[in-house]
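Hi everyone, thanks for making time for this. I'd like to walk you through one structure, so please have a look at it before I start.

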Amino acid sequence: MKKQVVFILFSLLSLTVGGEVSGRNAGKKNAGIPDSRQMLSERNLSRAIGLVDKAMSCYFTGDEMVMSRYYNPYTKSRSEEKGSVWMYTSSIEAVNAILHALKVQKDNGNNTGYDKYYSRYENLLGLLYDNADYYLGTFTLTSYTQTKEWSVYGVNRGREKGTAPVAGIENVYDDQQWLVRELLESYRITGNEAYLQKAEYLTDYVLDGWDRTLDQNGKEHGGITWGPGYTTKHSCSNGPMISPLVWLSELYKGKNEEISYNYIDTDGSRKTAAMQKSDYYLNFAKDVYDYQQRSLMRPDGVYADMMGGCVPDCAVAYELIDGVKYRKHTALRDQAGPPISYNSGTMISGAADLYRATRNKRYKKDMRNLSDASFRYFAKPGATRPGYYTYKTGGFDNWFNGVLMRGYVDAYTDYNKVSANIESFQKNLDYGYDNYLFDGILPTDLLAGWNGDHNNNAVEGMFIFAFAAEYALLARYELERD
């Protein structure tokens with residue numbers, strides 16, 4: 001049996017699905033937190049661990065950790081289709097969330113879960129990152145300010161590490177951004193410098209996609225296209241970058257470290273300048289936030305999917321400046337696509353992080369308004385079951401909704417009203433877990449349950465990891481929200 005499978009199966013022996021990570025005999029707990037919330041935190045984390053352990057055994061195979069996109073717990077079958085790098089990253093997100101929750105529980109006097117699971121999950125995190133290199137590839141990109149070779153993550157898995165196709169539309173910027181977020185979270189949890197270095201490299205790549213070309217007033221057009229092979233600028237290729245940029249700024253605050261960057265002068269020439277990293281990252285976070293808000297905010301207070309309506313068309317165009325080839329600006333006329341929950345979620349988190357870093361009340365106001373507007377738009381009371389809020393579950397909505405929940409948790413410190421929003425996720429998870437958990441797997445629809453035809457019960461792997469990440473985040477929330 002492959003050693004990775006042995007590793008996972010061994011872990012399952014120590015925890016029955018739904019078991020509790022009890023800390024009642026682990027010493028004195030935080031006296032300021034009610035017992036009911038401490039117990040809920042323990043239960044939430046136990047459920048997160050059970051879901052991840054089961055998902056690892058069902059969706060992943062071999063030492064190379066090949067991820068199947070779907071698994072059906074009734075037929076015990078996994079799909080031949082492999083998960084994309086985005087889907088693969090959802091497993092890293094869940095492991096990070098568990099590690100973070102374990103540390104918070106330990107900080108609150110409960111060492112039992114930490115002692116039992118932390119090392120194992122830290123090792124699993126390293127294995128996931130190591131095997132993410134099957135999605136890694138190298139290509140040369142001509143951007144708005146330079147031509148450079150990059151090693152980044154492609155959408156699809158390659159046969160060998162570092163050989164994945166990544167040119168043109170084979171990679172997208174938002175996939176790198178989700179990885180940047182998790183790499184920084186992993187660094188903050190573990191202190192492993194390799195995670196920070198990779199996060200900064202990918203950040204440099206993503207920001208190379210920022211439209212540096214100037215408008216008639218000499219201001220940058222701004223915005224990051226969906227990928228280097230696209231001209232449309234999406235909410236999902238801008239909003240997710242804001243929080244990681246703020247985190248990087250905070251990591252370098254007070255440190256005398258500079259970064260070099262390219263820009264376009266008013267005469268169209270490309271130039272290079274340097275700035276303190278802390279200032280550079282924070283200023284860029286503000287710029288990305290401003291672009292998203294002015295370009296993609298809808299009248300109903302939530303965010304559209306993308307800016308489209310390319311002029312003259314959506315083909316990537318180039319121009320020669322002083323005999324050197326650069327990417328050319330493509331004008332975009334229209335908002336397009338329906339609102340998707342994660343596009344508002346990343347902006348709530350971004351506003352919360354920018355408010356913490358700057359204390360600018362504008363971000364606090366935006367965060368509150370968007371929290372309210374998004375809950376009105378995406379949460380439908382009683383639509384599936386009385387007393388519960390229904391969120392869309394089609395397509396990739398379950399993962400998208402998890403990003404929205406994370407936004408509410410990020411907002412809570414400065415906007416306690418979102419506790420009701422957060423509670424809606426806790427109730428839905430618990431309903432699905434208590435009523436429909438089957439062989440350690442949750443259904444796509446937590447409130448409606450499984451399909452009567454058991455052959456039609458294949459579940460996206462990233463959904464199980466999303467549910468686990470939500471449970472782990474809720475475990476932290478119960479201990480941190482005071």
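**A hairpin, some salt bridges and a few pockets**

Let's begin with the hairpin of strand 8 and strand 9, which has 5 residues between the strands; there, Gly268 takes a positive phi near 90 degrees. Before I go on, please keep in mind that this is a predicted model. Strand 8 covers residues 258-264 and strand 9 covers residues 270-276. The two run antiparallel, joined by 7 bridges. If you want to find one of those pairings on your screen, look for Glu258, whose bridge partner in strand 9 is Gln276.

Now to the charged pairs. In general, side chains of opposite charge can pair when their charged atoms come close. How many salt bridges does the structure hold? The count is 29, and I've picked three to show you.

My opening example is Arg37 with Asp482, where the closest N and O atoms are 3.1 Å apart. This pair links distant parts of the chain: Arg37 sits in helix 2, residues 35-59, while Asp482 is in the segment after helix 13, and 445 residues separate them. Are these two partners buried or exposed? Arg37 counts as buried because its relative accessibility is 11%, under the 20% cut-off. Asp482, on the other hand, is exposed, because its relative accessible area is 69%, and the cut-off there is over 50%.

Staying with helix 2, the next example is Asp53, whose side chain meets that of Arg120 in a salt bridge at 3.2 Å, N to O. Asp53 lies in helix 2 and Arg120 in helix 4, residues 112-131, so this pair ties together parts that are 67 residues apart in sequence. Here Asp53 is buried, with 0% relative accessibility. Arg120 is buried too, at 13%.

The remaining example sits within one helix. Arg356 and Asp353 form a salt bridge with an N to O distance of 2.6 Å. Why are they about one helical turn apart? Because they are 3 residues apart in helix 9, which spans residues 341-358. Arg356 is partly exposed, at 39% relative accessible area, whereas Asp353 is buried, at 5%.

Coming back to Arg37 for a moment: salt bridges that share partners join Arg37, Glu478, Arg481 and Asp482 into one network.

Let's move on to the open spaces. The largest pocket holds about 640 Å³ of space. Which residues lie nearest its centre? They are Val409, Asp410, Leu473, Arg476 and Glu480, out of 30 lining residues. Several helices each give at least two residues to this lining: helix 3 (85-107), helix 5 (173-190), helix 7 (242-252), helix 9, helix 11 (397-412) and helix 13. Helix 13 supplies the largest share, with 7 residues. As for chemistry, the lining divides into 16 charged, 10 nonpolar and 4 polar residues.

Next comes the second largest pocket, with a volume of about 320 Å³. It is lined by 17 residues, and the closest to its centre are Trp86, Val172, Asp174, Asp175 and Trp226. Two elements give two or more residues to that lining, namely helix 5 and helix 11. The largest share comes from helix 5, with 3 residues. By class, this lining has 12 nonpolar, 2 polar and 3 charged residues.

And what about cavities? The structure holds 4 of 30 Å³ or more. In the largest of them there is about 90 Å³ of space. Its lining includes Trp178, Arg181, Trp247, Thr346, Ser349, Val403 and Arg406. Asp410 also lines this cavity, and you may remember Asp410 as one of the residues nearest the centre of the largest pocket. At least two lining residues each come from helix 5, helix 7, helix 9 and helix 11. Sorted by class, the cavity lining has 5 nonpolar, 4 polar and 3 charged residues.

To pull things together for your own browsing, you could start at Gly268 in the hairpin of strand 8 and strand 9. From there, try the network that includes Arg37 and Asp482. Then finish at Asp410, which lines the largest cavity. Thanks for listening, and I'm happy to take questions!

Key:
Residues are numbered from 1 along each chain as its sequence is written. This is a predicted model: local features need pLDDT of at least 70, side-chain atom pairs count only at pLDDT 80 or more; totals for chains, interfaces and linings use all residues. Side-chain values use heavy atoms; hydrogens and water are left out. A salt bridge is a side-chain nitrogen of Lys or Arg within 4 Å of a carboxyl oxygen of Asp or Glu. Helices (H or I, at least four residues) and strands (E, at least two) are DSSP runs, numbered from the N terminus. Buried means under 20% relative accessible area, exposed over 50%, partly exposed in between (1.4 Å probe, protein chains only). On a 1 Å grid over the protein atoms alone, a cavity is a set of points where a 1.4 Å probe fits but cannot get out, and a pocket is an open set with protein on both sides within 12 Å along at least five of seven lines; lining residues have an atom within 4 Å of a point. Grid points are joined across faces, edges and corners, and a volume is the space filled by probe spheres set on the points. Ala, Val, Leu, Ile, Met, Phe, Trp, Tyr, Cys and Pro count as nonpolar, Asp, Glu, Lys and Arg as charged, and the others, Gly among them, as polar. Two strands pair if DSSP finds at least two bridges between them.
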